[in-house]
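Trainee: I am new to this structure and should be grateful for a close look at one part of it. Please begin with the first helix and then show how the rest of the chain is arranged around it.

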Amino acid sequence: MQQRDYLSITPKVEDLKVVYKWIETFNVPHFYFQVFFDKIYGISFENILAIISNPDNEGIIFSVEADTKNQNKTTIKIKSREGIEIASKVDEPSHKSVRKEMDRGRLLFYVTFNGGTAYLDIEMYLTTP
């Protein structure tokens, strides 16, 4: 049962080591983004590590859950507002269901998306030090 009362940015615990190794090997910054119906938030991997390495933050800024929507993989749920609001308006894409017939008559059903727009606050990023 969900205990949180906030929307979250959700890195998987199993990915932390892989992402850290990628950054160390290639010296490339890494960011996580969460797209909601109305806004987009982003947070750097460095900030994720800072948040989860402080035990005083657990239960307040983040929680750790085995997520049934994610094959019960252990997932860190960080309050989205701990990130930076990247877009304050999002137009949803249109979507439609598709049925594809595979070999031997097996059917695959999935959803496709078309369009959609995120409105970024470019001025904020140009003036941020």
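Mentor: The account below starts with the helix and moves outward to the core, the sheets and the loops. Please keep in mind throughout that this is a predicted model.

Helix α1 has 14 residues and reaches 21 Å from its first C-alpha to its last, close to the 20 Å expected at 1.5 Å a residue. Within this helix, Leu16, Val19 and Ile23 are buried. When α1 is viewed down its axis, these buried residues fall within an arc of 80°, so they line one face of the helix. A general rule of helix geometry helps here: an α-helix has 3.6 residues a turn, so residues three or four places apart point the same way. On the face of α1 turned away from the buried side are the exposed residues Lys17, Val18, Lys21 and Glu24. The cover over the buried residues of α1 includes β2, α2 and β5.

The end of the helix leads to a residue with an unusual backbone angle. Asn27 follows α1 and sits in the loop between α1 and β2. Although Asn27 is not a glycine, its phi is positive, at about 55°. For comparison, most residues other than glycine have a negative phi. Asn27 is exposed, with a relative accessible area of 68%, a value that lies over the 50% limit for that class. Asn72 offers another case, since its phi is near 60° and it too is a residue other than glycine. Asn72 belongs to the loop between β4 and β5.

From the buried face of the helix, one may turn to the core. The largest nonpolar core has 15 residues, and those with the most contacts inside it are Tyr32, Ile43, Phe45, Ile51 and Ile78. The elements that give two or more residues to this core are α1 (13-26), β3 (40-44), α2 (45-52) and β5 (73-79). Phe45 ties several of these regions together. Apart from neighbours within four places in sequence, Phe45 is in contact with Leu16, Val19, Tyr20, Ile23, His30, Phe31 and Tyr32. Among these partners are Leu16, Val19 and Ile23, the buried residues of α1 already described. Helix α2 lies across β2 and β3, and runs at about 75° to β3.

Strands β2 and β3 belong to an open sheet of four strands, in the order β2-β3-β6-β9, with antiparallel pairing. Its edge strands are β2 (31-35) and β9 (117-120), each of which pairs on one side only. From one strand to the next, the twist averages 30°. Strand β6 (residues 84-91) is joined to β9 by four bridges, and these two strands run antiparallel. Across this pairing, Asp91 stands opposite Thr117 in β9. Tyr119 is also placed in β9 and counts as partly exposed, at 36% relative accessibility. Not counting residues up to four places away in sequence, Tyr119 touches Ile86, Ala87, Ser88, Lys89, Val90 and Asp91.

Another open sheet has three strands, in the order β1-β5-β4, again with antiparallel pairing. Here β1 (8-9) and β4 stand at the edges with a single partner strand each, so one side of each has no neighbour in the sheet. Six bridges join β4 to β5, and Val64 has Ile76 in β5 as its bridge partner. Phe62 lies in strand β4 (residues 62-67). Phe62 is buried, with a relative accessible area of 3%, and the limit for that class is under 20%. Leaving out neighbours within four places in sequence, the contacts of Phe62 are Tyr6, Ile51, Ile52, Asn54, Asn57, Ile76, Lys77 and Ile78. Ile51 and Ile78, which are among these contacts, were also named for their contacts inside the core.

One further pairing completes this view. Strand β7 (residues 94-101) and strand β8 (residues 107-114) pair in the antiparallel sense over eight bridges. His95 has Phe113 in β8 as its bridge partner. The two strands β7 and β8 form a hairpin with five residues between them, and Arg104 in the turn has a positive phi of about 60°.

Notes
Residues numbered from 1 in each chain as written. Predicted model: local features only at pLDDT ≥ 70, side-chain atom pairs only at ≥ 80, totals over all residues. Heavy atoms only, no water. Core = buried A, V, L, I, M, F, W, Y, C linked by side-chain atoms within 4.5 Å. Buried < 20%, exposed > 50% of the residue type's maximum accessible area, 1.4 Å probe, protein only. Contact = heavy atoms within 4.5 Å. Pairing = 2+ DSSP bridges. Axes fitted to C-alpha atoms, helices over the stretch in contact; angles between N-to-C directions. Expected span 1.5 Å × (residues − 1). Arc of directions from axis to C-beta.
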